Amino acid sequence: MIRPLRRIVPLLVALFLLPVVASADDLNSPLSKLELQDGDCIVFLGDSITHQCLYTQYVEDYFYTRFPDMRLKLHNAGVGGARAWDALARFDDDVASYEPKYVTILLGMNDGTYRPFHQETFDTYRQDMTELLTQIDAIGAQPVLMTPTMFDARAARVRNPNRDPESTLLYNSVLTYYGTWLREVAVDQGYGFVDMWGPLNNLTLQQRKTDPSFTMIVDAVHPDPPGQVVMAVAIINDMGLKRQVSNIRVTLGGRGPQVRSSGGEVTELEADDEGLSFTWQAESLPWVLPEDAQLGAELTRLGHRFSREALEVHGLQPGRYTLSIDDMEVGTFTHVALQRHIELQANDKTPQYQQALEVALLNRERNSGPVRALRGEWSKFQAYARVKRQADANPDDDNAAQQLAERAAQIAGMEERVAAHIDAAREIEDRIFEINQPPSRRYVVRRAKAKP
């Protein structure tokens, strides 16, 4: 049957508008992993969710512990309330001046304006994001596009039952539309891509099967620490970064003890009928987060998936054995468990866990202090830039001119304050790199004493 002409014409137009690819050689591959060297810079560009200094902090914790000999420049460029246009307004000083190798971009939550999908609103976002990507390309950096995070409609209804039901119901769908467009751009242009929306929604759905009130986003917009862990894990996962800390495999037998390891070096290995001991020089520390983020670590299985620190011993006589590290007893295990392998990354009794926790707590101090203060300065600038835009568009508006003068007064001396906050953050980071170096540790596995 011949299709009506009114149905065929739009199809032909759509086909005509599809990009023409001459060959497979013209196709880009999206970025599969971050290639990093000492001194490289990553800028985390975003809105209030980045301004929270949480997912960025947890990613920093990962780099501080996984690559203790590589010092990166990690810059939080989030400002509360930001849209893509706001990021453009501060791009030169808050992004380009840091000479980044990679720029992660988390924008869209505010750009959608918290209402059902509106084409003109999306077109504005698309135009400004496209210009932002053009500017990132122009400075020789690689964009890493990240989907907007989850809007928790259930949490929104609990928080404000009188909120517009249509906007509440549909806004999470608007965000996934924005994120899907970003994914297409990343694939087409060969940029990096991180899915933030999917993991947050999927974990929430899973948890609500047993706890209908579960949420990681109490105010519906800003993920709490566990939700921010989900976001950090998404970056580590989607950007192909190292997952394992170490693996030690010792085999006892007639030819003497044999060892295979990764992530460090075993020396001074000794064994007898009661157990074994050795010295271990690790290359890195486990990824440990502050206490308020632990639920996120559990939900994502962060330790096992991204920080595995395993010990495996074959050939022990049947029985129970106590493991001590640097004379600190960290647990008692059967010979079967040791043969299968035990994982230490989440064992808070190990000295390496405590060392990594010290790094995380010091970095929390860095983020809650000078980094947050730095972002506060850029919040003032954002308010100034918005008023200036309005004043420029309405040169005869005396009220706009007055507001601009007030905002200009607020950012007076900003350059000096920004420099001071950067210096203060760097001082704390210097301390982090004094305590994040893994020392050699003595492991002792001995037959456990029988209980009286």
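Student: Which residue is the bridge partner of Thr322 in β14?

Tutor: In this predicted model, Arg446 of β14 is the bridge partner of Thr322.

Student: What makes β11 and β14 count as paired strands?

Tutor: At least two bridges between two strands are needed for pairing. β11 and strand β14 (residues 440–447) are joined by five bridges in the antiparallel sense, so the criterion of at least two is met.

Student: Which strand is joined to β11 by six bridges?

Tutor: That strand is β12 (residues 328–334), and the two run antiparallel. Within this pair, Ile325 stands opposite Met328. The hairpin of β11 and β12 has two residues between the strands, and Asp326 takes a positive phi near 50 degrees there.

Student: Why is β11 described as largely enclosed by the rest of the structure?

Tutor: A residue is buried when its relative accessible area is under 20%. Five of the six residues of β11 (residues 320–325) are buried, so the description as largely enclosed follows. For the protein as a whole, 50% of the 452 residues count as buried.

Student: Why is α3 called oblique to α10?

Tutor: Helix α3 (residues 55–66) and helix α10 (residues 225–238) pack at an angle of about 50 degrees, with their axes 8 Å apart. Roughly parallel requires an angle under 35 degrees, and roughly perpendicular begins at 65. The value of about 50 degrees belongs to neither class, and therefore α3 is oblique to α10. The crossing is right-handed.

Student: Which residues make the contact between α3 and α10?

Tutor: Tyr55, Tyr58, Val59 and Tyr62 of α3 meet Pro225, Gln228, Val229, Met231, Ala232, Ile235 and Ile236 of α10. By class, the contact has 10 nonpolar residues, one polar residue and no charged residues.

Student: What makes β2 and β5 the edges of the five-stranded sheet?

Tutor: The open sheet has the order β2-β1-β3-β4-β5, with parallel pairing. β2 (73–78) and β5 (192–194) each have a single partner strand, so one side of each is left without a neighbour in the sheet. From one strand to the next, the twist averages 20 degrees.

Student: How many bridges pair β1 with β3?

Tutor: Strand β1 (residues 41–46) and strand β3 (residues 102–106) pair in the parallel sense over five bridges. Val43 has Val103 of β3 as its bridge partner.

Student: Which helix packs on this sheet, touching β4 and β5?

Tutor: Helix α8 (residues 165–189) does so, and its direction makes about 155 degrees with that of β5. Angles over 145 degrees count as roughly antiparallel, so α8 and β5, at about 155 degrees, are roughly antiparallel.

Conventions:
Residues are numbered from 1 along each chain as its sequence is written. This is a predicted model: local features need pLDDT of at least 70, side-chain atom pairs count only at pLDDT 80 or more; totals for chains, interfaces and linings use all residues. Side-chain values use heavy atoms; hydrogens and water are left out. Axes are lines fitted to C-alpha atoms, for helices over the stretch in contact, and angles run from 0 to 180 degrees between N-to-C directions. Helices (H or I, at least four residues) and strands (E, at least two) are DSSP runs, numbered from the N terminus. Angles under 35 degrees count as roughly parallel, over 145 as roughly antiparallel, 65 to 115 as roughly perpendicular and the rest as oblique. A crossing is left-handed if the near helix is turned anticlockwise from the far one by less than a right angle, and right-handed if clockwise. Contact means heavy atoms within 4.5 Å. Ala, Val, Leu, Ile, Met, Phe, Trp, Tyr, Cys and Pro count as nonpolar, Asp, Glu, Lys and Arg as charged, and the others, Gly among them, as polar. Buried means under 20% relative accessible area, exposed over 50%, partly exposed in between (1.4 Å probe, protein chains only).
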